[in-house]
Amino acid sequence: MTMDAIRADSRVKAAIGDDVTDNFWVGGHLNVNANGAGDAQFSIPVHGAKGKGTVFSHLVRNAGTWSMRLLVIRVDGFDAPIVLTNEDHVPIPNAAIGI
């Protein structure tokens, strides 16, 4: 869900390239309870033909359905992050510290 949204965004394609790929090492956590509720937070290094960066996402699961609450990419060499969604209006994570 996270990477599909990142790969579809025209701003990400312009900054990183059409070939956005995630790296093997993903940081974060995933929690799912027996009742179908849960949450996930990820920090995902990505790269493409034009550059690289880090994706930060926070998803919440209710009644078995995931919803994206935060999706941001910080592209190396760019001061401003690309914010795809920030439903809860939380401070944007810094690439140096993560989520």
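This report covers the salt bridges of a predicted model and the solvent exposure of the residues that form them.

The structure holds 3 salt bridges. The table gives the partners and the N to O distance of each pair.

| Acidic residue | Basic residue | N to O distance |
|---|---|---|
| Asp-22 | Arg-7 | 3.4 Å |
| Asp-9 | Arg-11 | 3.0 Å |
| Asp-88 | Arg-69 | 2.5 Å |

**Asp-22 and Arg-7.** The side chains of these two residues meet in a salt bridge. The pair links distant parts of the chain, with Asp-22 in strand β1 (residues 21-22) and Arg-7 in helix α1 (residues 2-8), 15 residues apart. Asp-22 is partly exposed at 31% relative accessibility, and Arg-7 is partly exposed with a relative accessible area of 32%.

**Asp-9 and Arg-11.** In this salt bridge the closest N and O atoms are 3.0 Å apart. Asp-9 has 14% relative accessibility and therefore counts as buried, the cut-off being under 20% relative accessible area. Its partner Arg-11, at 40% relative accessibility, counts as partly exposed.

**Asp-88 and Arg-69.** The closest N and O atoms of this salt bridge are 2.5 Å apart. Asp-88 lies in the segment after β6 (82-86) and Arg-69 in strand β5 (residues 65-75), so the contact ties together parts that are 19 residues apart in sequence. Asp-88 is partly exposed, with a relative accessible area of 38%. Arg-69, at 23% relative accessibility, also counts as partly exposed.

Technical notes
Residues are numbered from 1 along each chain as its sequence is written. This is a predicted model: local features need pLDDT of at least 70, side-chain atom pairs count only at pLDDT 80 or more; totals for chains, interfaces and linings use all residues. Side-chain values use heavy atoms; hydrogens and water are left out. A salt bridge is a side-chain nitrogen of Lys or Arg within 4 Å of a carboxyl oxygen of Asp or Glu. Helices (H or I, at least four residues) and strands (E, at least two) are DSSP runs, numbered from the N terminus. Buried means under 20% relative accessible area, exposed over 50%, partly exposed in between (1.4 Å probe, protein chains only).
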